[in-house]
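Let's take a friendly walk through this protein. Have the sequence and the 3D view ready, and follow along.

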Amino acid sequence: MPSYYELYRRGMLGMMLIDALDELILTGRITPQLATQVLQQFDRSMSEALSKHVKAKTTLTGDLRVYRYCDDVWEFIVRNPIFDNGTITANRLKIVACNAKLAGEHT
């Protein structure tokens, strides 16, 4: 099975899944190996769902404070971001962008 980035594990849904899996392991209901398989499937499913079902685009302006490129992963930190639709507000925004062709199946 190809490997996928583990970025989505740090989101709310991923953290809740990890907490639930930890509890199941601690109570002896599943093995750590099964939990690892579940997390790998979660990584794959999130990547595929976002690439297939999310077609929204936006324009972002703000103060680019930090940008990094390491191991085919870009990281941007923007202060006072402004989106063209005006519905999202924040003081700081972190964007992590990865090469999808490296993460999963060759598409």
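What follows goes from the overall picture to the salt bridges, the surface and a few single residues.

## Confidence in the model

Please keep in mind that this is a predicted model. The mean pLDDT is 87, and 91% of the residues reach 70 or more.

Confidence varies along the chain. Helix α1, residues 12–26, has the highest mean, at 97. Helix α3, residues 100–103, has the lowest, at a mean of 59, and this report has no single-residue details to offer there.

## Overall layout

The protein contains three helices and three strands. Reading from the N terminus, the elements follow the order α-α-β-β-β-α. The radius of gyration is 17 Å, well over the 13 Å that the globule rule gives for 107 residues, so the protein is more spread out than a compact globule. If you look along the principal axes, the C-alpha trace spans about 50 × 30 × 30 Å.

How much of the protein is buried? Buried residues account for 15% of the 107 residues. The exposed area comes to about 8,400 Å², with carbon and sulfur atoms supplying 56% of it. As for contacts between residues at least 6 apart in sequence, 42% join residues at least 24 apart.

## A salt-bridge network at Asp-43

Five salt bridges are present in the structure. A good place to start is Arg-9, which pairs with Asp-43; their closest N and O atoms are 2.5 Å apart. Arg-9 sits in the segment before α1, while Asp-43 belongs to helix α2 (residues 32–53), so this pair ties together parts that are 34 residues apart in sequence.

Are these two partners buried or exposed? Arg-9 and Asp-43 are both buried. For Asp-43 the relative accessible area is 2%, and the cut-off for buried is under 20%. Glu-6 joins Arg-9 and Asp-43 in a network of salt bridges. Once neighbours within four places in sequence are set aside, the contacts of Asp-43 are Tyr-4, Tyr-5, Glu-6 and Arg-9.

## Two further salt bridges

Helix α2 also holds both Glu-48 and Arg-44, which are four residues apart, about one turn of the helix. These two form a salt bridge, with 2.9 Å between the closest N and O atoms. Glu-48 is partly exposed, at a relative accessible area of 23%. Arg-44 is partly exposed as well, at 25% relative accessibility.

Another salt bridge brings together the side chains of Arg-68 and Glu-75, at 2.4 Å from N to O. Here the two partners fall into separate classes: Arg-68 has a relative accessible area of 44% and is partly exposed, whereas Glu-75, at 18%, counts as buried. The value for Glu-75 is buried because the class covers anything under 20% relative accessible area.

## A nonpolar patch on the surface

Which residues make up the nonpolar surface patch? They are Leu-64, Tyr-67, Tyr-69 and Trp-74, and the patch covers about 470 Å². Strand β1, residues 60–70, gives the patch its largest share, three residues.

Tyr-69 is a handy one to find in your viewer. This tyrosine lies in strand β1 and counts as partly exposed, with 47% relative accessibility.

## Two residues to look up

Where is Gly-86? Gly-86 is placed in the loop that runs between β2 (73–83) and β3 (92–98). With 53% relative accessibility, Gly-86 counts as exposed. From the C-alpha atom of Gly-86 to that of Leu-60 is 9.9 Å, with 26 residues separating the two along the chain.

Leu-24 takes you back to helix α1. At 26% relative accessibility, this leucine is classed as partly exposed. Leaving out residues up to four places away in sequence, Leu-24 touches Arg-29 and Ile-30. Ala-35 is eleven residues from Leu-24 in sequence, and their C-alpha atoms are 8.7 Å apart in space.

How values were computed
Residues numbered from 1 in each chain as written. Predicted model: local features only at pLDDT ≥ 70, side-chain atom pairs only at ≥ 80, totals over all residues. Heavy atoms only, no water. Patch = residues over 30% accessible without salt bridge, like charges linked within 9 Å, V, L, I, M, F, W, Y side chains within 5 Å. Areas by Shrake-Rupley, 256 points an atom, 1.4 Å probe, with all protein chains shown as cover. Salt bridge = Lys/Arg side-chain N within 4 Å of Asp/Glu carboxyl O. Helix = DSSP H or I, 4+ residues; strand = E, 2+ residues; numbered from the N terminus. Buried < 20%, exposed > 50% of the residue type's maximum accessible area, 1.4 Å probe, protein only. Rg over C-alpha atoms; globule rule 2.2 N^0.38 Å. Contact = heavy atoms within 4.5 Å. pLDDT = per-residue confidence, 0-100.
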